[in-house]
Amino acid sequence: MGWVRMRVRVRSPPVMQSKLLCLSLLYLLTTLPLALYVSFSDPASAASRCLVFLPFRSSAPSSAASAALFEYPREYGEHKHAIPATRALCSDPAVFSDYKTVLEEINKLCRNLSASPYAKPALRYQNGRRNSFAGNLSTVERRSFFNHTDSAVEIPCGFFKEFPVRESGDFFGQFAFFIEEKILVAHRLAMEKCNGAVVASAIFNDHDKIRQPKGLGSETLRTVCFFMFIDDATHRVLASHNILAGERGEAGTIGAWRVARLVAGAGGDHRLPYENPAMNGVIVKYLLHRLFPNARFSVWVDAKMQLTVDPLLLVHSFVAGKGADMAVSKHPFNLHTMEEAIATARWRKWGDVDAIRAQMETYCRNGLQPWSPIKLPYPSDVPDTAIIIRRHGLASDLFSCLLFNELEAFNPRDQLAFAYVRDQMSPKVIMNMFDVEVFEHIAVEYRHNLKRGNGGAGGKQGITRMASSGDIAGSSCERYLLKMWGETTE
C-alpha cells in the first residue's frame, strides 16, 4: 500500500482575511496610546508651563467666583465646538502677581489717573454729521492724522452719523446706536460710571454664544464692568431660549455680562451704522475709549473666546506691569501683512478679493514694509486680535481711531491695517505682542455658530498656484513681496 500524498492548506483565521479590518486594527493600535495620554493628562499642567501665578494661585478665584455665573438651558449649547489648544510649551510664560496685590495696584493706578491733570481726554475728537459713521475719509485725509504732534488738532474717530435719539453732552449727543429710550439712560450712566477697567464683547447676527468668564477673583465682578453688545438678531435667539431677564427682555444681565441691545428702530427707519455685522462689531472693538470715556483700562474679548484668567491679572501682567499702551497676541502662523492678506483672499475671509488687492496696493504705495528686525521691538506685523488689552491714553486711543478709519475705508479685517497704522503713526504705541502659546491658555476658543449659506466662502475656489516675481511686475507691492521672499536686489 503506497503512501497517499495529501496537500495540507493552512488557512488564515477569517478575522484576518479582511484588509479593511486589518487597517482598522492598525489604526486603533497606533492611536490608542495617544488617546489615553491626552485623556489622562492634566490639562492644568500644560497651562502651568505657560502661566505662572506668583506667589501662589489660591488668592485668585474665590470659591464663590469659581461657581457657575449663569446656568444656560442645555439646548443653547454655549460650550459646543471648542477648539483644542495645541501648544503646551512656552518660551516666554506670562507671570501673574498675587490677586490681592494686583487689585490694590490697579485701583491705585485708576485713582491716581482720576486725580491727575491727565484725567481729561488725551485726544480731541471731530464732531458733526457726515454721510458715514467714520466720515468716509480719503487716503490723504486719513494719513494727515497719522503724525499727531499738536494736541489742539481734532481727530476723526467715528460717531459722525446722526441718529434720532440724541442726548445732551459731548459724546453721547452723537451716540450712534439707537437704543430704546427707556434703557438708553441706564446704559449711558453705567458706561459713564465705569472708571476703572471694562471688559467688552459683542455678538451681531447671532454669530456666537454668550460665554461666561472663568477664574474671576473675589472682587472682580464689583470692580470691573462687563458689557456685551447685541443686535436684534442675537436678541431674538436669546429670547427664544428664555435667557434674557425682564418682562420684555430689553435689558438686564446674563451672568457677569450687562447686555446692551442695539436695535434698528421702529419701522426700520433707523439703522445700525453698517449693513455688515462685522463692521458694527469693530465699533465696539476699537472705540471702547469713546464708549467708556472714563475707563482707564479695557479688555476686548471676541465672542468666540471665553476668558479663563481674571481680566485684572491680564491688565496688570500684560500692560501695567510692562509699561505698555496695549497688548495683543502674535498671530500663530503669519509674520507679514501680505501673508495675512493672501490668506484672507485664499480662504475668502473677506469676499471681495479685488478690494483686498486694492487695499494692499494703497498701503504699499504709502510705505507699508514687510517685517524685519529693524521693526523691533515689534516682533510681528500680524496680531491675533481676539483679545486686546489696553491702557486708555494718547497713543492707544490714537492707534484705535486711526485703525478704525482704515477699517471703514476698506473692510473689517483689522489684521490687514494693523502694521500699516502702527508703523507710521506718531507718537509710537508701546505694544506688548505676547506669544500665541500664552494666548491659548488665557482663553478658550470656540467655533462660530454655523449658519447655512453664511460660510463666507464667496463661491467655489479656483486652482491655486504659487506666485512668482513675474506675476507682480508693475504692482505697487512688487518691492514689498520681493523683500518678503528674500529676492530683493537692494
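Hi everyone, let me begin with a helix. In α11, the buried residues are Pro311, Leu312, Leu313, Leu314, Val315, His316, Ser317, Phe318 and Val319. That makes nine out of nine for this helix, which spans residues 311–319, so α11 is mostly covered. At its start, Asp310 places a side-chain oxygen within 2.8 Å of the backbone nitrogen of Leu312.

Before I go on, please keep in mind that this is a predicted model. The average pLDDT for the protein is 81, and 74% of the residues score at least 70. Two stretches deserve a warning. Residues 37–43 have a pLDDT below 50, and beyond near neighbours in sequence they make zero contacts in the model. Residues 452–466 are below 50 as well, though that stretch has 11 contacts beyond its near neighbours in sequence. Where pLDDT is low, the predicted coordinates should not be read in detail.

Now for the whole protein. There are 490 residues, and 48% of them count as buried. The accessible surface is about 25400 Å², with 55% of that belonging to carbon and sulfur atoms. In terms of secondary structure, you will find 17 helices and 15 strands. If you take the contacts between residues at least 6 apart in sequence, 83% join residues at least 24 apart.

Let me stay around α11 for a moment and move to Thr220. Which residues does Thr220 touch, leaving aside its neighbours within four places in sequence? They are Tyr99, Phe226, Asp310, Pro311 and Leu312. You have met Pro311 and Leu312 already, as buried residues of α11, and Asp310 as the residue whose side chain reaches the backbone nitrogen of Leu312. Thr220 itself sits in helix α7, residues 220–223. Its relative accessible area is 0%, so Thr220 is buried. The contact with Tyr99 includes a polar one, side chain to side chain, at 2.9 Å.

On to the sheets. One open sheet has eight strands, in the order β8-β9-β7-β6-β10-β13-β12-β14, and its pairing is mixed. Which strands stand at the edges? Those are β8, residues 252–254, and β14, residues 431–434, and each pairs on one side only. On average, neighbouring strands of this sheet are turned by 25° against each other, direction ignored.

Let's walk in from the β8 edge. β8 and β9 run antiparallel and are joined by three bridges, with Gly252 opposite Val259 of β9. These two strands make a hairpin with two residues between them, and there Gly255 takes a positive phi near 65°. On to the next pair: β7 and β9 are parallel, over five bridges. Here Val259 turns up again, as the bridge partner of Met228. As for cover, five of the six residues of β9 are buried, so that strand is mostly covered.

There is a helix here too. Helix α8, residues 232–240, lies across β6, β7, β8 and β9, and runs at about 100° to β7.

Further along the sheet, β12 (residues 326–330) and β13 (residues 383–391) run antiparallel, with five bridges joining them. Met326 stands opposite Arg390 of β13 in this pair.

We also have a sheet of three strands. The order is β2-β15-β11, the sheet is open, and the pairing is antiparallel. β2 (82–83) and β11 (305–307) have a single partner strand each, so one side of each is left without a neighbour in the sheet. β11 pairs with β15, residues 443–446, over three bridges, and Leu307 has Ala443 as its bridge partner in β15.

My last stop is a loop. Asp150 lies between α5 (139–143) and β5 (154–155). Is Asp150 buried, partly exposed or exposed? Its relative accessible area is 39%, so Asp150 is partly exposed. A polar atom of its side chain lies 3.0 Å from the backbone nitrogen of Ala152. Asp150 is also 27 residues from Leu123 in sequence, while the C-alpha to C-alpha distance between them is 10.0 Å.

To leave you with one contrast: Thr220 is buried at 0% relative accessible area, whereas Asp150 is partly exposed at 39%. Thanks for listening!

Terms used
Residues numbered from 1 in each chain as written. Predicted model: local features only at pLDDT ≥ 70, side-chain atom pairs only at ≥ 80, totals over all residues. Heavy atoms only, no water. pLDDT = per-residue confidence, 0-100. Contact = heavy atoms within 4.5 Å. Pairing = 2+ DSSP bridges. Helix = DSSP H or I, 4+ residues; strand = E, 2+ residues; numbered from the N terminus. Buried < 20%, exposed > 50% of the residue type's maximum accessible area, 1.4 Å probe, protein only. Areas by Shrake-Rupley, 256 points an atom, 1.4 Å probe, with all protein chains shown as cover. Polar contact = N/O pair within 3.5 Å; in protein donor to acceptor, adjacent residues only side chain to side chain. Axes fitted to C-alpha atoms, helices over the stretch in contact; angles between N-to-C directions.
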